[in-house]
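Me: Please take a close look at the nonpolar side chains in this model. Start with the surface, then go inside.

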Amino acid sequence: MRRLLFTTALVGGAPIITLTSLMILGELKKGVGFVALGICISFAIGLAWFWLSGVVRLSAALRRAADEEGPFSAPLPIPRLPAIGEIEKGLARLTRSLQARAALVVQLRASDGAIVESLPDPLLVLAPDRALLRANRAARRVFNLTGEGQARGDVGALLRHPVMAAALDRALADGTPQAVELVLPGSVTRELSAQIQPMQPPLADGGKLVILLTDRTAARAVERMRVDFVANASHELRTPLASLIGFIETLRGPARDDPPAQERFLGIMTEQSERMRRLIDDLLGLSRVEITEHQPPEGDADLLALLYAEAAAMEPLFAARGVRLVLDLPEAVLTASPADADQLAQVARNLMDNALRHAVHEVRLEAGPAKNGARQGVAFTLRDDGPGIPKEHIPRLTERFYRVDKGRARGAGNTGLGLAIVKHILTRHRGQLTIESEIGVGSTFRVWVPGG
Ligand SMILES: Nc1ncnc2c1ncn2[C@@H]1O[C@H](COP(=O)(O)OP(=O)(O)OP(=O)(O)O)[C@@H](O)[C@H]1O
Ligand SMILES: [Mg+2]
């Protein structure tokens with residue numbers, strides 16, 4: 001209302017003052033003067049109202065154009081006065097171009113987000129105070145992040161790692177990109193190489209540091225495995241090979257004309273070659289397991305089905321050794337998940353083979369649902385009534401080529417890789433192997449894997 005009065009005064013002020021002055025000076029008759037004044041005032045009010053309503057709608061449209069990001073929807077006011085009409089047309093053009101640009105920005109932002117999200121390597125964006133602002137899909141998988149925006153668990157450990165923390169300090173202080181290599185301890189030790197890019201100016205979301213990580217764990221494991229394989233294999237193969245060479249020389253020399261000795265030596269040679277073949281098979285098996293160790297398994301495994309199948313396959317061996325295999329398995333369904341059924345079957349096979357070899361009368365196989373801390377899972381246990389394992393050996397049993405009674409085990413044709421393979425498979429499954437043993441009573445090997 002105040003605005004209307006003010007505008008009316010502006011529009012009609014000059015003629016009203018003129019008419020009033022003329023009337024006061026007696027130059028204009030009062031009757032005519034009042035009529036003219038009335039016409040002037042009504043005209044001024046009408047004009048002011050037209051202008052004001054146009055201007056009010058114009059400013060509303062301007063505000064909307066400034067605030068809106070998305071599609072522009074509201075219609076523009078109809079022009080009432082020529083000058084305002086022109087301004088309104090200009091505003092409509094401006095709004096359309098703003099709208100087109102806003103759409104382009106939204107599109108660009110979405111495509112940038114999609115590219116970052118689908119990068120195969122983990123990418124993290126940090127605020128200047130090192131709070132985690134963004135983590136792409138690969139990073140969320142590697143660092144077990146369920147939601148975005150919080151530095152939790154593994155990612156916290158990464159950012160606190162001294163090598164990483166120092167590199168972040170340098171990047172923030174100098175504004176120069178940094179590249180570092182680091183080893184991150186955890187349930188699976190990870191070897192990472194990190195590229196840190198400081199952003200100047202900061203990203204739209206306040207991101208100051210972009211960290212691109214490359215997981216070198218698998219590549220390094222392959223490298224180490226190659227070195228280990230050569231060292232271990234050559235060491236373990238040397239004994240049977242030396243014996244084979246010895247017998248070949250004997251067969252060519254002293255035993256040339258001694259058919260019974262030849263027969264005996266050939267028997268031993270077959271055994272030694274068989275041992276070499278088994279060793280090579282086990283080493284290759286171990287390498288295969290190690291290569292996949294850092295990729296969690298996919299799918300489910302029916303634990304009871306695989307235990308029954310392995311028990312049935314081992315039955316003749318138990319019978320041959322005169323050892324009873326007692327199955328104490330529940331009716332319920334036990335599903336290991338995520339799990340690789342073939343690998344879990346190998347775990348059961350290796351443990352059953354050990355139990356059979358050490359048992360005197362009986363081996364018991366039990367299974368059931370089990371919790372490991374707060375984690376839901378399934379477990380199976382193999383108990384034997386063998387000689388037991390001295391305490392000091394238990395922590396080392398899963399090392400490659402580790403045997404409690406070296407001479408005896410080697411003589412029996414064992415490679416000492418069975419439990420190493422079990423350990424690697426369980427690491428991959430984020431499972432657990434527990435060994436309990438009492439001398440003269442027996443040993444218990446318990447396997448827990450996630451599932452339900
Ligand atoms: N049930 C058991 N009772 C007593 N000792 C055991 C038992 N299971 C394993 N061991 C000991 O642990 C060692 C390592 O076992 P592992 O299965 O790794 O190798 P291995 O059985 O000797 O050879 P492989 O399994 O490769 O044929 C064995 O040599 C044995 O000394
Ligand atoms: Mg074994």
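Reply: A residue counts as exposed when its relative accessible area is over 50%, and as buried when it is under 20%. This is a predicted model. Take F6 to begin with. F6 sits in helix α1, which spans residues 2-25. Its relative accessible area is 56%, so F6 is exposed. F6 has company: with L10 and V11 it makes up a nonpolar patch on the surface. Together the three have about 310 Å² of accessible area.

In soluble globular proteins, nonpolar side chains tend to be buried together. Now go inside. The largest nonpolar core holds 59 residues. Within it, L307, L351, M352, V363 and F380 touch the most other members. Several elements give two or more residues to this core. The helices among them are α7 (217-252), α8 (259-292), α9 (303-321), α10 (341-358) and α12 (418-428). The strands are β9 (362-372), β10 (375-384) and β12 (442-450).

Look at L307 more closely. Setting aside neighbours within four places in sequence, L307 contacts L329, A348, M352, L365, A367 and F380. Another core lies apart from the largest one. It has 24 residues, including M164, A171, L182 and I211.

One polar residue deserves a stop too. Q343 lies in helix α10. With a relative accessible area of 10%, Q343 falls under the 20% cut-off, so it is buried. Beyond its neighbours within four places in sequence, Q343 is in contact with V289, T292, I425, R428 and H429.

To recap: F6 is exposed, whereas Q343 is buried.

Definitions and conventions. Residues numbered from 1 in each chain as written. Chains lettered and ligands numbered in written order. Predicted model: local features only at pLDDT ≥ 70, side-chain atom pairs only at ≥ 80, totals over all residues. Heavy atoms only, no water. Patch = residues over 30% accessible without salt bridge, like charges linked within 9 Å, V, L, I, M, F, W, Y side chains within 5 Å. Areas by Shrake-Rupley, 256 points an atom, 1.4 Å probe, with all protein chains shown as cover. Salt bridge = Lys/Arg side-chain N within 4 Å of Asp/Glu carboxyl O. Helix = DSSP H or I, 4+ residues; strand = E, 2+ residues; numbered from the N terminus. Buried < 20%, exposed > 50% of the residue type's maximum accessible area, 1.4 Å probe, protein only. Core = buried A, V, L, I, M, F, W, Y, C linked by side-chain atoms within 4.5 Å. Contact = heavy atoms within 4.5 Å.
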